[in-house]
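Look at the fold before you read on. Trace the chain from start to end, then compare your view with the report below.

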Amino acid sequence: QRLTVAIVGRPNVGKSTLFNRLVGKKLALVDDTPGVTRDWRAADARVGGLDLTVVDTAGLEEVFDDSLEARMRRQTERAMERADVILFMVDARAGITGMDRHFATWLRRSNRPVVLAANKAEGAAARSGLIEAYELGLGEPIAISAEHGEGMADFVQALLPFV
Ligand code: GDP
Ligand code: MG
């Protein structure tokens, strides 16, 4: 059984890094077409015995006329059309921002299945950000490092209830 996971979050938290780690860099790059505005890309991955389709909501970084908040909502809604679960990613190093809080509240109210991931969690610099992430009211954050491949077992564990 295949589980579709959409990675959402504000720019620079590490969504594409996780996508590339899960699906393999080569595969992710094949999808990139220069000059084409792309608001999501999807690829299959087998991670810790789970068959996943991973959706990277790229394009939040693109220039649109509307606000980042509006873009995040639109991206999430679009991703949800094909996702079983939303992976909401925050940056444990940068800490939780007002945008993160705002978006978390919106996600909570939308009653969507959400898993919270605190990325860039390698090392002590992430400690206070991890604690802040608990305050988002989306349950226990999974501490991961997309760049270093840490926390992947916990990531898989958190997805199991949705399979
Ligand atoms: P996106 O905008 O959310 O897709 O973020 P990217 O995947 O493009 O990553 C933004 C920046 O964060 C890049 O410079 C990455 O190398 C860096 N990054 C991603 N994951 C990690 C991580 O686990 N730890 C650290 N320290 N940096 C990371
Ligand atoms: Mg990206």
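## Core, sheet and ligand shell

This is a predicted model. Its largest nonpolar core holds 41 residues. Within that core, Val 5, Ala 6, Ile 7, Leu 87, Ala 117 and Ile 142 touch the most other members. Strand β4 (residues 85-91) supplies the largest share of this core, 6 residues.

Take Leu 87. Leave aside its neighbours within four places in sequence. Leu 87 is then in contact with Val 5, Ala 6, Ile 7, Val 115 and Ala 117.

Now turn to the sheet. It is open and has 6 strands, with mixed pairing. The strand order is β2-β3-β1-β4-β5-β6. Which strands form the edges? They are β2 (41-47) and β6 (142-143), and each pairs on one side only.

Strands β1 (residues 2-8) and β3 (residues 50-56) run parallel, joined by 6 bridges. One bridge partner of note is Asp 51 in β3, which is matched with Arg 2. Helix α3 (residues 68-80) packs on the sheet and touches β1, β3 and β4. The direction of helix α3 makes about 175 degrees with that of β1.

Last comes the ligand. How many residues surround ligand 1? There are 16, and the closest are Gly 14, Lys 15, Ser 16, Thr 17 and Glu 147. Helix α1 (residues 15-23) gives the largest share of this shell, 3 residues. The table sorts the shell by residue class.

| Class in the shell around ligand 1 | Count |
|---|---|
| Nonpolar | 3 residues |
| Polar | 8 residues |
| Charged | 5 residues |

Conventions:
Residues are numbered from 1 along each chain as its sequence is written. Chains are lettered from A and ligands numbered from 1 in the order in which they are written. This is a predicted model: local features need pLDDT of at least 70, side-chain atom pairs count only at pLDDT 80 or more; totals for chains, interfaces and linings use all residues. A residue is near a molecule or strand if its C-beta atom, placed from the backbone, lies within 6 Å of it. Helices (H or I, at least four residues) and strands (E, at least two) are DSSP runs, numbered from the N terminus. Ala, Val, Leu, Ile, Met, Phe, Trp, Tyr, Cys and Pro count as nonpolar, Asp, Glu, Lys and Arg as charged, and the others, Gly among them, as polar. A nonpolar core is a set of buried Ala, Val, Leu, Ile, Met, Phe, Trp, Tyr and Cys residues joined through C-beta atoms within 7 Å. A residue is buried if 20 or more other C-beta atoms lie within 10 Å of its own, exposed if 12 or fewer, and partly exposed in between; C-beta atoms are placed from the backbone. Two residues are in contact if their C-beta atoms, placed from the backbone, lie within 7 Å. Two strands pair if DSSP finds at least two bridges between them. Axes are lines fitted to C-alpha atoms, for helices over the stretch in contact, and angles run from 0 to 180 degrees between N-to-C directions.
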